[in-house]
Amino acid sequence: MVQHEAGQKSDADKRRPFRLFIDPVSGGAQRSGYTRALATMSLMVALGVLLGMPFLSFTFNIGSIAAKNYSFSLTPAHVSGFLFGPLAGAAVAAVTDIVRALLFPINGLAYNPLFTIPFALMGSTPAFLCNLFLRRAAAGRTPGYPALLSSMLLSQLLWSCGLNTFLIASLYGRAFFALLPARLVGLLVVPMYAFVTRLFVVLYKKLPGR
């Protein structure tokens with residue numbers, strides 16, 4: 001009987017629909033669950049801004065243009081995406097980028113909302129891909145490291161090396177392929193980002209009351 005119920009639960013997890021925002025509660029007080037999710041996302045924004053401060057990040061410049069910024073400021077958005085869904089990851093990434101750009105402008109440049117688009121996409125894409133192809137995040141499980149790393153590498157290729165580089169080249173009159181090598185080098189640190197992201201997701205899920 002127990003095995004039959006376990007089998008039914010497993011089948012239900014597999015059939016669970018794709019969700020852009022995952023219900024943070026499994027039964028019980030739904031309103032308090034969403035309140036906790038929003039509070040956690042707010043803390044993630046604050047942490048992302050803190051990790052993006054100049055003394056905790058490194059910017060590689062080509063001339064006066066910031067070709068690549070290396071920091072953990074996107075990690076809280078990735079964690080939010082895997083905990084609460086891709087929309088949560090995008091929201092945390094977007095707000096983090098806006099606040100960080102206003103408080104700590106890179107090379108003194110004014111905030112440009114166009115650069116928030118790839119940042120938000122990078123914050124949501126890993127969770128979106130794992131939701132779409134693995135369905136593990138939707139079932140409340142933490143994706144394995146290989147899946148998480150693959151999704152983050154693809155996200156970086158598309159939005160950091162691709163879209164973000166295109167925006168820099170177009171808006172500041174730089175050659176796309178002159179900027180691209182510095183962006184591609186950034187892929188070397190993605191395994192570390194993936195490890196830290198998964199570690200934070202696992203630790204969060206072990207907190208009391210989870």
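Contact here means heavy atoms within 4.5 Å. The model is predicted, so local features need pLDDT of at least 70 and side-chain atom pairs pLDDT 80 or more, while totals for chains, interfaces and linings use all residues. Residues are numbered from 1 along each chain as its sequence is written, and side-chain values use heavy atoms, with hydrogens and water left out.

**View 1. Surroundings of Ala194 in helix α8 (residues 190-205).** Helices are DSSP runs of H or I, at least four residues, numbered from the N terminus. Ala194 has a relative accessible area of 0% and is therefore buried (under 20% relative accessible area, 1.4 Å probe, protein chains only). Leaving aside residues up to four places away in sequence, Ala194 touches Tyr145, Leu148, Leu149 and Met152. From Ala194 to Met152 the C-alpha distance is 7.0 Å, with their positions 42 residues apart in sequence.

**View 2. Salt bridge between Arg100 and Asp97.** The rule asks for a side-chain nitrogen of Lys or Arg within 4 Å of a carboxyl oxygen of Asp or Glu, and the count comes to 1. The closest N and O atoms of Arg100 and Asp97 are 3.2 Å apart. Both residues are buried. Arg100 and Asp97 are separated by about one helical turn because they lie 3 residues apart in helix α4 (residues 86-103).

**View 3. Helix α6 (residues 145-172) and its end.** A kink of about 30 degrees is centred on Gln156; the bend is the angle between axes fitted to the seven residues ending at a residue and the seven starting there. Gly173, just after α6, has a positive phi of about 65 degrees.

Methods. Helix = DSSP H or I, 4+ residues; strand = E, 2+ residues; numbered from the N terminus. Buried < 20%, exposed > 50% of the residue type's maximum accessible area, 1.4 Å probe, protein only.
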